[in-house]
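Reader: Before I rely on the labels attached to this model, I would like to hear how each one is justified. Could you take me through them?

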Amino acid sequence: MTRRTPPRPLDVEQLFPEVAPLRKRTVRLHPRAGAPTCRDSSVGGPLLWPLEEPWPVCPYHHRSAMVPVVQVRAADALGLVPFPAGRDLLQVLWCPRRHDGCWVVPEVHWRDAAAVGAVREAPAVGGEVPYGKIPRPCVVHPELVEEYPSWDLPYELWDLLEPRFEQVEAETGWDYQYHLSTAPGTKLGGYPGWCQDPQWPDCSGCGQRMDHLLTVESWEADAASRLTWTPVEDQGVRYEDAGLMLGDAGGVYLFECRRCPGRPVKERFDCS
């Protein structure tokens, strides 16, 4: 089923023309509980993993298998994320166990789906795993939307625009940060779904700021943001999502360097 995010309730660029040059596009994945196959894009679904290729394990818990988190076909990235040449499948896994200094240990793979014959199933996860670290299988409904910076808005612009933000909220009830700016939920590209100050990493190889690849959020929207970001098809409807709980309703953000060989990846995470 298609998911359609309603247009912003106010004309953002008319009210705040200073943010127009900062507009970005993102692909909201809209995960909903379902039964995806290994050849589908999914959150928490089975991966198209070659039988002859060992299943990845956590480098810190050497006998702990990583769990599938996101799989996205190039067609479902809607042209937003540039896939490496000869690759049409993005796969993200992570170790759901506790680690010092981080919530999860992720791993990113780019794959040629047509080259995969026999498929390996994910190993069972044994032992105790913290609640909310393993997503339930979800089908996705990719949608390309436009967004504006929230926590990524430069400090000087915050200082300039804050009086207008407050005036607009007082007159209309719509808050720039929650209702008008950055799309919440699990998504590709665009602005990370920060809960706090941004932590954009630099590449260890070239020293340049890395590109945002993927945000994985605890839920699609909180009580405030769902007022304007809930898809038309889901308004007034109860649905099951991936069932994640990352920290205190936070998110994990993956970044990559598209200039360096192998497209190195770093992660960041935060919560409210």
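Author: Let us begin with the cysteines: the structure holds zero disulfides, a disulfide being a pair of cysteine sulfur atoms within 2.5 Å. The model is a predicted one, in which local features need pLDDT of at least 70 and side-chain atom pairs count only at pLDDT 80 or more, while totals for chains, interfaces and linings use all residues. Residues are numbered from 1 along each chain as its sequence is written, and side-chain values use heavy atoms, with hydrogens and water left out.

Reader: How do you know that Cys-206 is in no disulfide?

Author: The nearest cysteine sulfur, that of Cys-257, is 3.7 Å away, and a disulfide requires the two sulfur atoms to be within 2.5 Å, so the pair does not qualify. For Cys-138, also in no disulfide, the nearest cysteine sulfur is that of Cys-38, 17 Å away.

Reader: What makes Cys-138 buried and Cys-206 partly exposed?

Author: Buried means under 20% relative accessible area, exposed over 50%, and partly exposed in between, with a 1.4 Å probe and protein chains only. Cys-138 has a relative accessible area of 0% and is therefore buried, whereas Cys-206, at 33%, counts as partly exposed.

Reader: Why is the pair of Arg-164 and Glu-18 called a salt bridge?

Author: The term asks for a side-chain nitrogen of Lys or Arg within 4 Å of a carboxyl oxygen of Asp or Glu. The closest N and O atoms of Arg-164 and Glu-18 are 2.7 Å apart, so the pair meets that definition. Arg-164 lies in helix α2 (residues 155-172) and Glu-18 in the loop between α1 (12-15) and β1 (24-28), so the bridge ties together parts that are 146 residues apart in sequence. Helices (H or I, at least four residues) and strands (E, at least two) are DSSP runs, numbered from the N terminus. Arg-164 has a relative accessible area of 26% and Glu-18 one of 27%, and each is partly exposed.

Reader: How do you know that Arg-32 and Asp-234 count as buried, and what joins their side chains?

Author: Arg-32 has 4% relative accessibility and therefore counts as buried, and Asp-234, at 4%, is likewise buried. Their side chains meet in a salt bridge of 2.5 Å, N to O. Arg-32 lies in strand β2 (residues 32-33) and Asp-234 in the loop between α4 (226-229) and β11 (251-256), so the pair ties together parts that are 202 residues apart in sequence.

Reader: What makes the link between Ser-64 and Arg-97 a polar contact?

Author: A polar contact is a pair of N or O atoms within 3.5 Å; within protein, one must be able to donate a hydrogen and the other to accept it, and residues adjacent in sequence count only if both atoms are side-chain atoms. The side chains of Ser-64 and Arg-97 are joined at 2.7 Å, so the distance satisfies the definition. Ser-64 is placed in the loop between β3 (42-43) and β4 (67-73), and at 6% relative accessibility it counts as buried.

Reader: Why is the sheet of six strands called open, and which strands stand at its edges?

Author: The strands form an open sheet in the order β2-β7-β3-β4-β5-β6, with antiparallel pairing. At the edges stand β2 and β6 (105-111), each with a single partner strand, so one side of each is left without a neighbour in the sheet.

Reader: How do you know that β4 and β5 pair?

Author: Two strands pair if DSSP finds at least two bridges between them, and β4 and β5 (residues 89-95) are joined over six bridges in the antiparallel sense, so they qualify.
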